Amino acid sequence: MKDTVSIKSYKYPKIPHIEYEGKLLEETPHYWLVYCPKLNELKHFINNKIYITEYASLHFFSKYHGYTVSICVDDEMKPISMFCNISTPCRSESDSITYIDIDMDYVKTSEGLWFLKNHEMYMTNSKKYHYPIQLTNFAVVSLQELKNNITNGVFPFGVKQFDTVKHLID
């Protein structure tokens, strides 16, 4: 996989949802870590809009867990906020990282509070698109695993500053 990667998110079964590019900082057997600069362009296909990000961000894409993590960071690489998508495990397709977004989001505000977002959308879409029982079970288990990993400080959670990757960005 090259340095610049495309991130492609889909809604079930494979409806284009969001796409953006970033710099691949690290790939391990368990995840990809991607950096996106401030003012990065994010294409939202469902809303038919292009958004420009306010902050630089780090993105954790798990190859095994049922979630992705987007972390807005300041100039010193300190986390400002976190946004977690409940998703299928991420896959590599050519120079892209892809996953199915399963609607529910778990968000950490700048005040440090976590809350569940879009649970109603998940309930509506699971009926509308006839999510298989395996997918709905996976989503519920993944949300609990995410909460456990946050509580236990499993990477990328619990990191106070991502300065160890700063040299990979420049």
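In this predicted model, a convenient place to begin is R91, whose bridge partner in strand 10 is T98. That contact belongs to the pairing of strand 9 (residues 91–93) with strand 10, which runs in the antiparallel sense over 3 bridges. The two strands form a hairpin with 2 residues between them, and S94, which lies in the turn, has a positive phi of about 55°.

From this hairpin the reader can follow strand 10 itself, which spans residues 96–108 and has 12 of its 13 residues buried, so that the strand is largely enclosed by the rest of the structure. Here, buried refers to a relative accessible area under 20%.

Several pairings of strand 10 can be traced in turn. With strand 1 (residues 4–11), strand 10 pairs in the parallel sense over 6 bridges, and within the model S9 stands opposite Y99 of strand 10. With strand 8, by contrast, the pairing of strand 10 is antiparallel and extends over 5 bridges; here M82 has K108 of strand 10 as its bridge partner.

Strand 10 also pairs with strand 11 (residues 114–117), again in the antiparallel sense, over 4 bridges, and among the residues involved D105 has K117 in strand 11 as its bridge partner. Strands 10 and 11 form a hairpin as well, with 5 residues between the strands, and in this hairpin G112 takes a positive phi near 90°.

The pair M82 and K108, already met as bridge partners, leads on to the pockets, since both residues are among those that lie nearest the centre of the second largest pocket, together with P79, G158 and V159. This pocket has a volume of about 230 Å³ and is lined by 15 residues. The largest share of that lining, 4 residues, comes from strand 8 (residues 79–87), the strand that pairs with strand 10 in the antiparallel sense. By class, the lining of the second largest pocket consists of 7 nonpolar, 5 polar and 3 charged residues.

The largest pocket, finally, has a volume of about 840 Å³. Of the 35 residues that line the largest pocket, I18, L42, S70, F83 and N85 are the closest to its centre. Its lining comprises 15 nonpolar, 14 polar and 6 charged residues.

Notes:
Residues numbered from 1 in each chain as written. Predicted model: local features only at pLDDT ≥ 70, side-chain atom pairs only at ≥ 80, totals over all residues. Heavy atoms only, no water. 1 Å grid on protein atoms, 1.4 Å probe; cavity = no way out; pocket = protein on both sides within 12 Å on 5 of 7 lines; lining within 4 Å. Points joined across faces, edges and corners; volume = space filled by probe spheres on them. Nonpolar A, V, L, I, M, F, W, Y, C, P; charged D, E, K, R; others polar. Buried < 20%, exposed > 50% of the residue type's maximum accessible area, 1.4 Å probe, protein only. Pairing = 2+ DSSP bridges.
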